[in-house]
Amino acid sequence: MIMRRAFEAGTDTQDMWGLLQMNCWLVRQEQQDVRPPRASLLGQRLKDETESVEAVEELKEKFEEAPPPWQEPATAGRPVQRPVSTRPKEAEGRKKDALGARYCLALRGGKHRIALPSHGEIVLGRFDPVTNVSPDVDLSYDDRNNRVVSRRHARIIGRRGRHEIEDLGSTNGTRVNGRRLEIGQRVRLHPGDRVSLGYCEFDYVPISEIQTSPQAEPPEAYLRVTFTGRRFPLPSWGEAVIGRSDPVVGLIPDIDLSQEEDASQVVARRHIRIIARDGRHYAEDLGSATGTKLNGVQMGIGERVPLNPGDHLWLGGCVLAYDVEQDVPGEYSFD
């Protein structure tokens, strides 16, 4: 437009060309300086979960469209049959029992039980507020008298209901039945094995699930902050919101973690909800920015999962151990 007016007025000189070039350069510079707004942590969580769901739906559609692997192209006079399994029924039953058994690491002389995943892995260590290193299972309180557990001490790997332990380069080592593991070495665990992380000693033993019944009430259960050892009893019916109080907006959750020292800084104001119903407890993420994990597995926003003894909830780095009242000889007090 400027060039057209200059041409009509007879003023399209070299100076006008220079002015036009300067204006174009300034426009390009302004366009380069414009940056998209930074996405929030919660927005990024929602975006990642949406993309993950879309990917799963695409895979599901592909599998639904594709014929089963046992099905051959139909031909005239040739019926399509699915092969019959020749595996004995007894073997299938034993396999089901093996996969159904749950195992845990039970702290010697204490009440801390760490349920181990049948599939997947969890990292054991201690929470470090300086570097913000937060393992799936925090042993800070169990190791409070010695302080020798590393931030990322060991990893437990579950495959088809069986478990292996691996040392992650800890300073004071990981031992199985008194034998120290090399860094990166994996050792298969067997019932009754003694596992030592520094001075914290555990037994590898079975752990039962909660038997559900619509008429039954949930057992006397509690959540224990593994960083400080403080226990919070859970209701036998109804709901309880867990988070961090904020006096500015006047928000106080049912279970307030604002007094849990450095671990409270990673907890959202309304982080998760615990629901007591049909004889057991459930956990639900309320859209926290830092996210929630159950036994090392990320929970989706609004996802509701049942809790079993020994489960560990990771709230952005603050770990809560779920368990029921039990009688253990030589227990120490959490209060």
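Two strands are taken as paired here if DSSP finds at least two bridges between them, and with that convention in hand the tour of this predicted model can begin at one strand and work outwards.

Select residues 221–225, which make up strand E12, and colour them by accessibility: 5 of the 5 residues are buried, so the strand is mostly covered, where buried means under 20% relative accessible area. Turning the view from one face of E12 to the other, you will find Ala 221, Leu 223 and Val 225 on one side and Tyr 222 and Arg 224 on the other, and the residues of both faces are all buried.

Next, add residues 318–324, strand E22, which runs antiparallel to E12 and is joined to it by 5 bridges. Within this pairing, centre on Val 225, which stands opposite Leu 320 of E22.

Now bring in residues 231–233, strand E13, which is likewise antiparallel to E12 and is joined to it by 3 bridges. Tyr 222 has Pro 233 as its bridge partner in E13. The two strands, E12 and E13, form a hairpin with 5 residues between them, and in the turn you can pick out Gly 229, whose phi is positive at about 85°.

Step back to Glu 220, which lies in the loop between strand E11 (200–206) and E12. Is Glu 220 buried or exposed? Glu 220 counts as exposed because its relative accessibility is 62%, and the cut-off for that class is over 50%. If neighbours within four places in sequence are set aside, Glu 220 is in contact with Asp 323, Val 324 and Glu 325. A distance label drawn from the C-alpha of Glu 220 to that of Ser 236 should read 7.3 Å, although the two residues are 16 apart in sequence.

For the interior, select Ile 242, Leu 257, Ile 274, Leu 313 and Leu 320, the residues with the most contacts inside the largest nonpolar core, which has 27 residues. Two or more residues of this core come from each of E12, strand E16 (272–277), strand E21 (312–315) and E22, and E22 gives the most, with 4 residues.

Return to Leu 320 and display its surroundings: with residues up to four places away in sequence not counted, Leu 320 touches Leu 223, Arg 224 and Val 225, then Ile 242 and Leu 257, and also Asp 311, His 312, Leu 313 and Leu 315. As a last stop, select Ile 114, Leu 181, Cys 200 and Tyr 204, which are included in a second, separate core of 21 residues.

Conventions
Residues are numbered from 1 along each chain as its sequence is written. This is a predicted model: local features need pLDDT of at least 70, side-chain atom pairs count only at pLDDT 80 or more; totals for chains, interfaces and linings use all residues. Side-chain values use heavy atoms; hydrogens and water are left out. Buried means under 20% relative accessible area, exposed over 50%, partly exposed in between (1.4 Å probe, protein chains only). Contact means heavy atoms within 4.5 Å. A nonpolar core is a set of buried Ala, Val, Leu, Ile, Met, Phe, Trp, Tyr and Cys residues joined through side-chain atoms within 4.5 Å.
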